[in-house]
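Hello,

Here is the structure I promised to pass on to you. Have a look at it first, and my notes follow below.

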Amino acid sequence: SAVKSRINRWSGHEQVPICDAKSPLMIEINHQRIQKLTEMIDGYMDEYNHQRYQYSLAGLTPAEFYIYSTTGIYPLDNYFGVTSRELMSVSKLVEARLNKAREKAAKAREAARKKREERALLTSVPGIIARDQRILRREKRKWEESKEIAERQMEKLDKVYEGTKRAIRFYEGCPPEIKESLRNPNNWNQYPELGYVNEIGDLY
């Protein structure tokens with residue numbers, strides 16, 4: 001039996017007919033797609049093997065390197081200025097390429113080092129001092145903020161400490177029965193003179 005010939009594209013909308021996946025038209029479309037995909041793959045393989053020169057393959061394409069590795073005949077006139085008649089084994093060619101790569105990398109590192117030194121020399125003395133001043137101002141602001149916080153905390157502690165002095169004077173002047181009742185901390189809230197306990201709780 002045929003696959004569904006109609007589907008609901010959107011709920012409540014008109015149904016749209018589609019082709020059977022096994023129909024001659026769909027088979028032809030899939031066949032054309034496979035042909036195009038095959039052509040793309042073949043084209044890529046041909047370009048990679050015959051047009052892409054690679055340093056790791058002695059400056060040859062993969063196809064040329066295969067010929068060179070199997071016959072010993074270098075297919076180009078020269079390699080980095082060395083004529084094909086003077087070329088040695090593949091391993092020596094690869095070693096020569098690696099040496100040139102190392103020399104190039106060393107030159108690049110040396111050039112980068114010189115640039116860093118030049119930038120350091122070009123930096124003006126006033127510029128260095130100005131940078132250090134910015135750093136010091138930033139650190140100073142941080143400590144000033146810490147100082148403000150510390151000063152506020154000191155004011156709070158001084159206030160609570162004065163409250164403890166008033167509490168002592170109050171207790172010393174209390175009659176014996178109040179002193180006895182104050183042995184129970186729950187009774188302290190009855191006397192404003194002992195109110196410092198409500199502010200000192202955060203320190204415990």
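A good place to begin is E144, which sits in helix α4, spanning residues 125-172. Please keep in mind that this is a predicted model. With a relative accessibility of 37%, E144 counts as partly exposed, because that value falls between the 20% and 50% cut-offs. E144 also has company: together with E145, E148, E151, E155 and D158, it makes up a patch of negative charge on the surface.

T61 gives quite another picture. You will find T61 in the loop that links α1 (24-50) to α2 (62-71). Its relative accessible area is 1%, so T61 counts as buried, the limit being under 20%. What does T61 touch, once its neighbours within four places in sequence are set aside? The contacts are N49, H50, Q51, R52 and Y53.

Now for the chain overall. It contains six helices and four strands, and along the sequence these run β-β-α-α-β-β-α-α-α-α. The chain has 204 residues, and 14% of them count as buried. Its exposed area is about 17,300 Å², with 56% of that supplied by carbon and sulfur atoms. As for contacts with a separation of 6 or more, 21% of them join residues 24 or more positions apart.

If you open the model, I would start with the negative patch that includes E144 and E145, then turn to T61 in its loop between α1 and α2.

Happy browsing, and best wishes

Note on methods: Residues numbered from 1 in each chain as written. Predicted model: local features only at pLDDT ≥ 70, side-chain atom pairs only at ≥ 80, totals over all residues. Heavy atoms only, no water. Helix = DSSP H or I, 4+ residues; strand = E, 2+ residues; numbered from the N terminus. Buried < 20%, exposed > 50% of the residue type's maximum accessible area, 1.4 Å probe, protein only. Contact = heavy atoms within 4.5 Å. Areas by Shrake-Rupley, 256 points an atom, 1.4 Å probe, with all protein chains shown as cover. Patch = residues over 30% accessible without salt bridge, like charges linked within 9 Å, V, L, I, M, F, W, Y side chains within 5 Å. Salt bridge = Lys/Arg side-chain N within 4 Å of Asp/Glu carboxyl O. Lys, Arg positive; Asp, Glu negative; His and termini not counted. Charge placed at Lys NZ, Arg CZ, Asp CG, Glu CD.
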